[in-house]
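Please examine the sequence and the three-dimensional structure shown below. A short report on selected features follows them.

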Amino acid sequence: MTDTSAYKLAGVMGWPVAHSRSPLIHKHWIAEHGLRGDYVLLPVEPSKLQTAVRALPALGFSGCNLTIPHKVEVMQWLDVVEPAACRIGAVNTIVVQTDGSLLGRNTDAFGFIASLHQEHPRWRADSGPVCVIGAGGAARAVLAALLDSGVPEIRLCNRSAGKAQDMAQAFGPRVQAVSWEDRHEALHGVSLLVNTTNQGMYGQAPLDIQLDALPKEAVVSDIIYVPLDTPLLAAAKARGNATSHGLGMLLHQARPAFEAWFGVQPEVTPDLWQKALSSL
Ligand code: NAP
């Protein structure tokens with residue numbers, strides 16, 4: 001049981017880290033629940049990662065988040081990495097245990113699926129195949145979340161075919177690698193399309209995909225949150241599909257970490273949405 005009256009300290013470690021929205025989210029919940037504590041920025045250059053991470057218990061931290069470029073490298077400096085994080089191949093949350101040991105966790109999969117369920121409560125994991133575009137780090141969390149929710153078939157399309165094939169092999173027979181050329185046709189009969197590439201992000205070209213084969217009932221999710229409405233989501237909305245942007249995933253992935261550090265289960269409320277939206 002976490003003592004909710006004690007002062008707690010957490011933060012986000014990255015390089016650079018000044019842009020992170022995590023302090024806004026966690027500080028909001030600290031204030032909302034009347035807790036004693038803080039959540040701070042921890043700019044740590046890659047060569048100092050081991051020293052910084054191993055110092056967390058001595059500095060009185062309950063834990064921290066990891067962001068670019070530390071999510072994979074950090075795994076070697078932890079005492080235990082949860083099996084779900086090993087499967088995803090990255091850790092975005094460290095929890096300092098009562099004996100001072102460091103536990104690594106990945107909350108991105110939870111963030112993706114919790115946000116999808118909150119925004120589209122009628123979407124059902126078992127209602128049909130899903131098409132995922134992209135096979136980078138974020139795609140691994142999305143695949144884990146979808147498989148664990150019971151999606152029967154995932155069509156995985158990535159520009160570099162080898163990465164999609166490797167990932168399909170690692171995640172098992174429900175994931176099929178589809179060639180980049182076939183991505184438009186891969187949308188036939190899907191219940192959900194997810195963009196996990198950086199295409200459509202501010203400063204990048206739009207994702208190059210034709211939506212003609214996409215069922216009108218399918219949900220289109222883009223995990224990008226700058227901008228909120230990517231060209232993909234705008235095109236999906238224009239043809240009547242329900243859509244979801246990446247801000248929900250960002251907000252929901254913070255919930256399990258906050259609970260582990262501060263001992264309170266936080267919610268993604270309209271108030272927090274509004275605060276996060278106005279920070280973009
Ligand atoms: P990553 O590991 O670098 O993967 C990038 C992906 O984009 C790869 O699949 C890559 O394909 C693809 N890509 C890059 N340029 C492309 C192009 N010109 N045409 C087609 N595909 C292209 O990045 P990541 O960490 O997975 O992040 C991906 C996106 O997710 C970013 O926009 C990030 O902001 C967002 N994200 C959001 C959240 C959230 O909480 N909402 C969390 C994590 C990430 P190749 O393999 O062919 O290079």
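The report treats aromatic rings, a charge over a ring, the ligand, cysteines and cis peptide bonds in turn.

This is a predicted model, in which local features need pLDDT of at least 70, side-chain atom pairs count only at pLDDT 80 or more, and totals for chains, interfaces and linings use all residues. Residues are numbered from 1 along each chain as its sequence is written, and side-chain values use heavy atoms, with hydrogens and water left out.

## Aromatic rings

A pair of aromatic rings is described by the distance of the centres and the angle of the planes. Rings of Phe, Tyr and Trp (its six-membered ring) pair if their centres lie within 6.5 Å; planes under 30 degrees apart count as stacked, over 60 as edge-to-face and the rest as tilted. The count by this rule is three aromatic pairs. In one of them, the ring centres of Tyr39 and Trp261 are 6.1 Å apart and the planes stand at 40°, so this pair is tilted. Tyr39 belongs to strand β2 (residues 37-43) and Trp261 to helix α8 (residues 247-262), so the pair ties together parts 222 residues apart in sequence. Helices (H or I, at least four residues) and strands (E, at least two) are DSSP runs, numbered from the N terminus.

Tyr39 is buried at a relative accessible area of 0%, and Trp261 is buried at 1%. Here buried means under 20% relative accessible area, exposed over 50%, and partly exposed in between (1.4 Å probe, protein chains only).

The rings of Phe258 and Phe262 have centres 4.5 Å apart and planes at 25°, so they are stacked. These two residues are four apart in helix α8, a separation of about one helical turn. Phe258 is buried, with 0% relative accessibility, and Phe262 is buried, with 1%. Together with Trp29, Phe258 and Phe262 form one aromatic cluster.

A charge is also found over a ring: Arg183 lies over the face of Trp180, 4.2 Å from the ring centre. The criterion is that NZ of Lys or CZ of Arg is within 6 Å of the ring centre and within 35 degrees of the ring normal.

## The ligand

The ligand is surrounded by 21 residues, and the closest are Ala138, Asn158, Ser160, Lys163 and Ile223. A residue is near a molecule if one of its heavy atoms lies within 4 Å of it. The table gives polar contacts of the ligand, that is, pairs of N or O atoms within 3.5 Å.

| Ligand atom | Protein partner | Distance |
|---|---|---|
| nitrogen | N or O atom in the side chain of Asn198 | 3.4 Å |
| nitrogen | N or O atom in the side chain of Gln199 | 3.2 Å |
| nitrogen | polar backbone atom of Gly246 | 2.9 Å |

Of the 930 Å² of accessible area that the ligand has on its own, the protein covers 74%. Accessible areas come from the Shrake-Rupley method with a 1.4 Å probe.

## Cysteines and cis peptide bonds

A disulfide is a pair of cysteine sulfur atoms within 2.5 Å, and the structure holds zero disulfides. The closest cysteine sulfur to that of Cys86 is in Cys64, 17 Å away and too far for a bond. Cys86 is partly exposed, at 45% relative accessibility. For Cys131, the closest cysteine sulfur is in Cys157, at 4.0 Å, again too far for a bond. Cys131 is buried, with a relative accessible area of 0%.

The peptide bond from Trp15 to Pro16 is cis, with omega near 5°, and Pro16 lies in the loop between β1 (8-14) and α1 (22-32). The bond from Ile68 to Pro69 is cis, with omega near 5°; Pro69 lies in the loop between β3 (63-66) and β4 (80-81).

Key:
Polar contact = N/O pair within 3.5 Å; in protein donor to acceptor, adjacent residues only side chain to side chain.
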